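User: Please take a close look at one helix in this model and work through how it sits in the protein. Some context on the neighbouring elements in the sequence would help.

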Amino acid sequence: MDRSRYALLILLMVFTAPAVSELPDYPEAEVESKSEDTTEISRRLILSSLKKINNVLAPEKVEYVKGTRESLTLYIPNERRTEVVLDFYRDHLLRQGTILYECHGRECGSSNYWANTVFSTSILYGPEQYQHYVLAQLDGSGDYIALYVAMRGTRKIYVHIETTRPSVTVTTRDTQANQGRFVFTDNNRTEIISTIARLLAEDEGLKLHLVVHQGLLPGQEVTDVVSQTQKIGEQIKLDAASGGIPGDRITVNGIGPLAPDSEYGTNRIEILAPVRSVADSQ
């Protein structure tokens, strides 16, 4: 496959890859706080209301997922009905994934526990009859969304959204149907370089494209992230070359957040190896 045909393949990936769905903000919502914990540790997901177990208040059913977590708390200034805010977010969650558990009002249990123990956000504490909790999992990315809507005693409504992104192990695609696409979602550089070495050793005429993807964080510019992913790819290429792998057979394409994927998400590294036909090999 010549360079122009391969460049076309890259462009098609960038402009036709499906976008990863994100939960939108409620109209005119104001950001109260946000945070991100990129440490991959065990994260608790609550799948039940709160009950007293051995005189200790706790959820009856929980699951644990290893991954990172992002938190966002919003103030809703122009609404006084928590169920309206809930319906807005619930509708989007149903469009994008599956609701695993939900509770409403007093059936959820202690608002103080949800606010201060579960979410560590005291501003969420309020009358229990106005609280709503939903846990959903998004299609494609597999991210878990925990949504909590609460009204304060002052009748101010707040929404807390926690996104848990599970750790994903390396996934490879090595079939003609996938156009020689190898996808790495855990940034395991040893595995990436090992795969490059194997592919180039198997076919002395093969040239590879190393494509680096990375999501856009709040406050970042697209051009900066594109530049950052280019540098990541170039460093992998240098590391490979230091191990004797010919760098002139690897082309780096850092494209930042421009080509999210509904199956693998935004943060991933791909090796693209053209599937050589009989005509190409002659």
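Analyst: The model is predicted. Strand S8 (residues 157-166) and strand S4 (residues 62-76) pair in the antiparallel sense over ten bridges. One of the residue pairs joining the two is Tyr75 with its bridge partner Tyr158 in S8. S4 also runs antiparallel to strand S1 (residues 30-46), and 13 bridges join these two strands. Here Val31 has Leu74 of S4 as its bridge partner. In a regular strand, side chains alternate between the two faces of the sheet.

Now the helix itself. H2 covers residues 82-96, which is 15 residues. At 1.5 Å a residue these should span 21 Å, and the C-alpha atoms at the ends of H2 are 21 Å apart, so the expected and computed values agree.

Next, burial. The buried residues in H2 include Thr82, Val85, Leu86, Tyr89, His92, Leu93 and Gln96. Because they cover an arc of only 135° around the axis, they lie on the same side of H2. The general background is that an α-helix has 3.6 residues a turn, so residues three or four places apart point the same way.

For contrast, a surface site elsewhere. Leu216, Val222 and Leu258 form a nonpolar patch on the surface, and together they have about 230 Å² of accessible area. Leu258 is located in the loop between strand S12 (250-256) and strand S13 (268-272). With a relative accessible area of 44%, Leu258 is partly exposed, because that class lies between buried, under 20%, and exposed, over 50%.

Conventions. Residues are numbered from 1 along each chain as its sequence is written. This is a predicted model: local features need pLDDT of at least 70, side-chain atom pairs count only at pLDDT 80 or more; totals for chains, interfaces and linings use all residues. Side-chain values use heavy atoms; hydrogens and water are left out. Two strands pair if DSSP finds at least two bridges between them. Helices (H or I, at least four residues) and strands (E, at least two) are DSSP runs, numbered from the N terminus. Patches are made of residues with over 30% relative accessible area and no salt bridge: like charges are joined within 9 Å, nonpolar side chains (Val, Leu, Ile, Met, Phe, Trp, Tyr) within 5 Å. Accessible areas come from the Shrake-Rupley method with a 1.4 Å probe; for residues, only the protein chains shown count as cover. A salt bridge is a side-chain nitrogen of Lys or Arg within 4 Å of a carboxyl oxygen of Asp or Glu. Buried means under 20% relative accessible area, exposed over 50%, partly exposed in between (1.4 Å probe, protein chains only). The expected span of a helix is 1.5 Å times one less than its number of residues. The arc is that of the directions from the helix axis to the C-beta atoms.
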